[in-house]
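Subject: Structure for your review

Dear colleague,

Please find below the structure that I am handing over to you. My notes on what was found in it follow directly after.

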Amino acid sequence: MSVPFAIIAGVGPGTGAAVARKFSAAYPVALLARNPANYEDTVRDIQASGGKAIGIPTDVSDSKSVSDAVTKTQQTFGSTCAAAVFNVGGKFVRKPFLDLSLEEFESGWEANG
């Protein structure tokens, strides 16, 4: 049976973990980070408190890695994504989102590659 899930990219010991814990109160969560050590404790904490969580090593600067993570999440929880949170650092550009050039937008992705 398919249940809505949340995907949180950029899970580490700070904001990403806090966001994952908050979403896990309502949804199964998939935690993404390049280094599994960044999400393993959070996955265990969520599962120990009765929530559903998986961790997937993912490089968000690589589209195949992201696609594979989404596929694994859908195989685990189903096809309905309730939320996707991109908590990955990058270059800060101070302007409205819709005014960003492609290069400015991509710099946030590439900064983490």
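A β-α-β crossover is called right-handed if, with the strands pointing away from the viewer, the path from the first strand over the helix to the second runs clockwise. In this predicted model, strand 2, helix 2 (residues 40–48) and strand 3 form a β-α-β unit of the right-handed kind. A right-handed β-α-β crossover is also made where the chain passes from strand 1 through helix 1 to strand 2.

Overall architecture

The protein chain contains four helices and four strands. Read from the N terminus on, its elements follow the order β-α-β-α-β-α-β-α. Of the 113 residues in the protein chain, 32% are buried. Among contacts between residues at least 6 apart in sequence, 53% link residues at least 24 apart.

Strand 2 and its partners

Strand 2 (residues 29–33) pairs with strand 3 (residues 53–57) in the parallel sense, over five bridges. Within this pairing, Leu 31 is opposite Gly 55 of strand 3, and Leu 32 is opposite Ile 56 of strand 3. Strand 1 and strand 2 also run parallel and are joined by four bridges. Here Ile 7 has Ala 30 of strand 2 as its bridge partner.

How far is strand 2 enclosed by the rest of the structure? Five of its five residues are buried, so strand 2 is largely enclosed. Burial affects both faces of strand 2: Val 29, Leu 31 and Ala 33 are buried on one side, and Ala 30 and Leu 32 are buried on the other.

Helix 1

In helix 1 (residues 15–24), the buried residues are Gly 16, Ala 17, Ala 20 and Ser 24. Viewed down the helix axis, these buried residues fall within an arc of 95 degrees, so they line one face of helix 1. Thr 15 and Lys 22, on the other side of helix 1, are exposed. Against which elements do the buried residues of helix 1 pack? Their packing partners are strand 1 (5–9), strand 2 and helix 2.

The nonpolar cores

The largest nonpolar core consists of twelve residues: Ala 6, Ile 8, Val 11, Ala 20, Val 29, Leu 31, Ala 33, Tyr 39, Val 43, Ile 46, Ala 53 and Ala 83. Strand 1, strand 2 and helix 2 are the elements that give two or more residues to this core. Strand 2 gives the most, with three residues. A second core, separate from this one, has ten residues, including Ala 9, Leu 32, Ile 56 and Phe 77.

Two members of the largest core may be described further. Val 43 lies in helix 2. Its relative accessibility is 10%, and since buried means under 20%, Val 43 counts as buried. Its contacts, leaving aside neighbours within four places in sequence, are Leu 31, Ala 53, Ile 54 and Gly 55. The C-alpha atoms of Val 43 and Ala 17 are 9.0 Å apart, while the two residues are separated by 26 residues along the chain.

The other member is Ala 6. With neighbours within four places in sequence again set aside, Ala 6 is in contact with Phe 23, Tyr 27, Pro 28, Val 29, Ala 30 and Ala 83.

Aromatic pairs

A pair of aromatic rings is described by the distance of the centres and the angle of the planes. Two aromatic pairs are present in the structure. In one of them, the ring centres of Phe 23 and Tyr 27 are 6.4 Å apart and the ring planes stand at 35 degrees, so this pair is tilted. Both of these residues are in contact with Ala 6. Are Phe 23 and Tyr 27 buried, exposed or partly exposed? Phe 23 is partly exposed, with a relative accessible area of 25%, and Tyr 27 is likewise partly exposed, at 29%.

Yours sincerely

Technical notes. Residues numbered from 1 in each chain as written. Predicted model: local features only at pLDDT ≥ 70, side-chain atom pairs only at ≥ 80, totals over all residues. Heavy atoms only, no water. Phe/Tyr/Trp six-rings, centres within 6.5 Å; stacked < 30°, edge-to-face > 60°. Buried < 20%, exposed > 50% of the residue type's maximum accessible area, 1.4 Å probe, protein only. Pairing = 2+ DSSP bridges. Arc of directions from axis to C-beta. Contact = heavy atoms within 4.5 Å. Core = buried A, V, L, I, M, F, W, Y, C linked by side-chain atoms within 4.5 Å.
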